[in-house]
Every structure is written in C-alpha cells, then in structure tokens.
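Work through these exercises with the model open. Try each task before reading its solution.

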Amino acid sequence: MTQSREQIVARVTDALKGDAGRVAVRGARKVDACGVQDHFWLTAADGVIVATGTDDEAFESACRSIGLDPADETAIIDAAGQLITPGYVDIHAHGAWEHSFDDGPEGIDIARAGHAVHGTTRQVLSLITNPIDVICANLKNVRAKMDERPDVLGAHLEGPFLALARKGAHDPECLKDPVPELVDELLGAADGCIRQITIAPELPHGISAIKQFTKAGVVPAVGHCDADYETAKAGAGIMTHMFNAMNGLHHRKPGPIPAAVEDPRVTIELINDGFHVQDPMVKLGFEFAPHRTAFVTDAMAATDCPDGPYKLGALDVNVVDGHARLVSNGAIAGSTLLLEVAVQRAVNELGISPVDAVEAATLAPARAFGYDKPNAVTGAPLGLLAPGYAADLLLTDPSSWTVNQVWCAGRKLK
C-alpha cells in the first residue's frame, strides 16, 4: 500500500527519534570514495558500522558478533547485487515537499523527510535572507532539531550578508553589512548550530566578519558576491554554488572562482541540475578541484512537487518545468534538485565515474566541516563504508541509481 506524505513524514521522524538498530547487508556492490567492491557485506550496531568484507564465512561471524543469526533471512538483508553507498550529505538546501527549513519545527520535519527518502541522510538546513529577528528565531528552531534527531547537522545562513548586485532571489530589503554587532547577535541565537554562512567578502565588514565567524567555529563561504580575485582570497572554507551569483571566469579579471580552486582548503559547491550550471560547465567545474567538489541542491519548497506557485521566504516564486523563478523579476529562485538526481545525472548523463560522483555527494561535503573524522556533532565520521563510520547506508538500483532503501545512523528510513 502506498503511504501518504503525512505517513512518510511521521515514519521518518519517529525513526530518527528512536534507537539505532542492528543492520546486516550482504550481496551488494559497494561504491564509495575508496572505490568499488563486489560481493560486499557490512554489519552495523548502535548507529555505527562494525565490520565489512567480502568473505562469506567472515560475514557469518560478524553477524553473530552483533547478535544476529546469519541463517535468519528475516534479519539479514540480501542486496541481490544492488549498489550500497554511504548516505548522501547535502550542505546547501532550503526545503522540499512544499515546506522550507524556515517554516518552523513542522516545516523542518516535512522538508527533511522529502530529502531523506531520496537518500539524503544528513543535511545542513539553509535559511534564506530575512529580517534579523526572523533569522534568529529560525536558528533556534534548527538548534532544537539538532537535539532531537541525528540527520540535522546544523544551519547554513545564505544571507543576509550578500552583495546587492548578486542577490539572486534574496530580499534586497533585508540585506545587511556584517558589522560585528550583527554577527554576535546571530552567533548568540544559534548557540553553536551555524555550520556555514555565505558572505560577500567585498562588503565593508566582509573580511572582518569572515574572521569573526571563523573564530566562532563557523565555516565562511564566499558567494552572492562581486568580489575580485584578491578579495575572494579572504580565508573562506567553502564556495557557495560555484558559477552562480558571482563574477564569471575572465582572462583579465579572474574573480572568485580561481581563488577558490587554488586553495586546497576550500570545498566547492556545485549544483548539478543542468539548469543552474549547464552540462559542459558542470563537467569542466567538476575537474577544477578533485575530491573538493560537493554536489549541493539549493533545493527550495517545490522540490519533489508539481509545478506551480510557491514561496521563498516572503517572495513569490513560480515553478515551470521544474525550474523556480521569482515572479517579480524572473531571477532563479533555488532549485528543485535532489542529491539522488545529481548523482544519477553525473553517472548516467555526464560520464563522471561512480566513485567520483558518490564522493561528491558523501565524503566531500562531510569533509567541509570535519565530519569525515570523529566529531562532536555526528559522533562517528560520515562519508565512507568502513568500520567506525556512521551507519548511513543506501541501497540503490545499479542502472538507474534510484535509491531503494535508506538508513541514517542505523535507523531505517525507507
């Protein structure tokens, strides 16, 4: 029986608030940033991968070590040749299923379920430009959700410290210069939940704000900017959706893109939907920074929904053929992309290797915040299928790359 979206949201939310179970999968084809391995198996307990391998006898022993009977077909998952990958990690998305992450606790639950059932097991919740008091309230909602469920990694502030000339779909009335007092106000409201913040470094207090956020443990991101090459070398750790809302490549005016590509510390976001960035530039951009390019969705409320009218913050948006634009001026207003689709496109349409495509949706975004190592937010590291890593698992069709089953920290979501 097909479940309604309300039932799916309830199931996903309840599962994430529950205890992690024991998981044993065999007969899979493993794909992660370390490579491809056939006849792969793994076991997991308490939300963490315990053992992996390819030997049948070792699998039986590994099952018994976590209290599962390897002969019990109801307890063991036979992947039957499906792909097994780490769960996808989206570090820049605004919503799905008609809700935004700015829409309060219920909106977060609904939008997260929309991404979770398509394989995004962890997500940084992007908040749109709003009045400062509204942003502070939304940050508190994200902070509370982090305490309730393991899939919410924290918040990304895309605004209000953006260049007016590169504002995209952000409300110009709410844009601000990042003076120290405003930075302190946001940090105080967040209580440690801000993971990244997009800043135009050329703003009067842009460079000082980057230093202020960095000192507080936030990763600054260069984006929605008019910065030149030298200004863009400001110490940011992320480039917000490369190519979009910034100066393009020019042979006499290099701009921010080469500044990010040259710096090995910078993770580069890329929206692989063929619309924000057309395919030739996706392929070119993907080669700029091997192992540092992270697929992101920039997904808004219309994601996985029909075309029609929607909201982005207080602004009216119309979605036609899956493409979101502001009603007021036609500016692109986020995407309706899922990471599942970004990976599908990379492998099946662009010819990117499965290993590289999966890395861009798993290990690369996790590494942007140090989540590829043990840490205080996720506990176990993310991004690989190896002992000690979080039991974030996807079973995926090997030809279509459609996600069939999903676990987050050992909790079955689909």
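**Exercise 1. A residue and its contacts**

Which residues does Arg-29 touch, not counting residues up to four places away in sequence? Place Arg-29 in its element and class its exposure.

*Solution.* The model is predicted.

Step 1: find the element. Arg-29 lies in strand E1, residues 23-32.

Step 2: list the contacts. Leaving out residues up to four places away in sequence, Arg-29 touches Val-36, Gln-37, Asp-38, Gly-81, Gln-82, Leu-83 and Ile-84.

Step 3: class the exposure. The cut-offs are under 20% for buried and over 50% for exposed. Arg-29 has 38% relative accessibility, so Arg-29 counts as partly exposed.

Step 4: take a distance. Val-222 is 193 residues from Arg-29 along the chain, and their C-alpha atoms are separated by 37 Å.

**Exercise 2. The sheet**

Give the strand order of the open sheet of 8 strands, and say which strands stand at the edges.

*Solution.*

Step 1: write the order. The open sheet runs E6-E9-E10-E11-E12-E13-E14-E15, with parallel pairing.

Step 2: find the edges. E6 and E15 (293-296) each have a single partner strand, so one side of each is left without a neighbour in the sheet.

Step 3: see what packs on the sheet. Helix H3 (residues 104-116) touches E6, E9 and E10, and its direction makes about 135° with that of E9. Helix H11 (residues 354-361) also packs on the sheet, touching E6 and E15. The direction of H11 makes about 70° with that of E15.

**Exercise 3. Pairing strand by strand**

How many bridges join E6 to E9? Then follow the pairing on to E10, and check E12 with E13.

*Solution.*

Step 1: take E6 and E9. E6 (residues 88-93) and E9 (residues 120-127) run parallel and are joined by 4 bridges. Val-89 has Arg-122 as its bridge partner in E9. Ala-93 has Leu-125 as its partner in E9.

Step 2: check burial. In E6, 6 of 6 residues are buried. In E9, 8 of 8 residues are buried.

Step 3: move to E10. E9 pairs with E10 (residues 152-158) over 5 bridges, in the parallel sense. Leu-127 stands opposite Leu-157 in E10.

Step 4: turn to E12 and E13. E12 (residues 219-222) pairs with E13 in the parallel sense over 2 bridges. The partner of Ala-221 in E13 is Ile-238.

**Exercise 4. Two packed helices**

At roughly what angle do the axes of H5 and H6 cross? Name the residues in the contact.

*Solution.*

Step 1: take the geometry. The axes of H5 (residues 180-190) and H6 (residues 206-215) come within 10 Å and cross at roughly 30°.

Step 2: class the angle. Angles under 35 degrees count as roughly parallel. H5 and H6 are therefore roughly parallel to each other. Their crossing is right-handed.

Step 3: list the residues. H5 contributes Pro-180, Val-183, Asp-184 and Leu-187, while H6 contributes Ala-209, Gln-212 and Phe-213.

Step 4: sort by class. The contact has 5 nonpolar, 1 polar and 1 charged residues.

**Exercise 5. A loop residue**

Is Asn-244 buried or exposed? State its place and its contacts.

*Solution.*

Step 1: locate the residue. Asn-244 is in the loop between strand E13 (238-239) and helix H8 (256-262).

Step 2: class it. Asn-244 has 13% relative accessibility, so Asn-244 counts as buried.

Step 3: list the contacts. Not counting residues up to four places away in sequence, Asn-244 touches Ile-271, His-276 and Val-277.

How values were computed
Residues numbered from 1 in each chain as written. Predicted model: local features only at pLDDT ≥ 70, side-chain atom pairs only at ≥ 80, totals over all residues. Heavy atoms only, no water. Axes fitted to C-alpha atoms, helices over the stretch in contact; angles between N-to-C directions. Parallel < 35°, antiparallel > 145°, perpendicular 65-115°, else oblique. Left-handed = near helix turned anticlockwise from the far one by under 90°. Contact = heavy atoms within 4.5 Å. Nonpolar A, V, L, I, M, F, W, Y, C, P; charged D, E, K, R; others polar. Buried < 20%, exposed > 50% of the residue type's maximum accessible area, 1.4 Å probe, protein only. Pairing = 2+ DSSP bridges.
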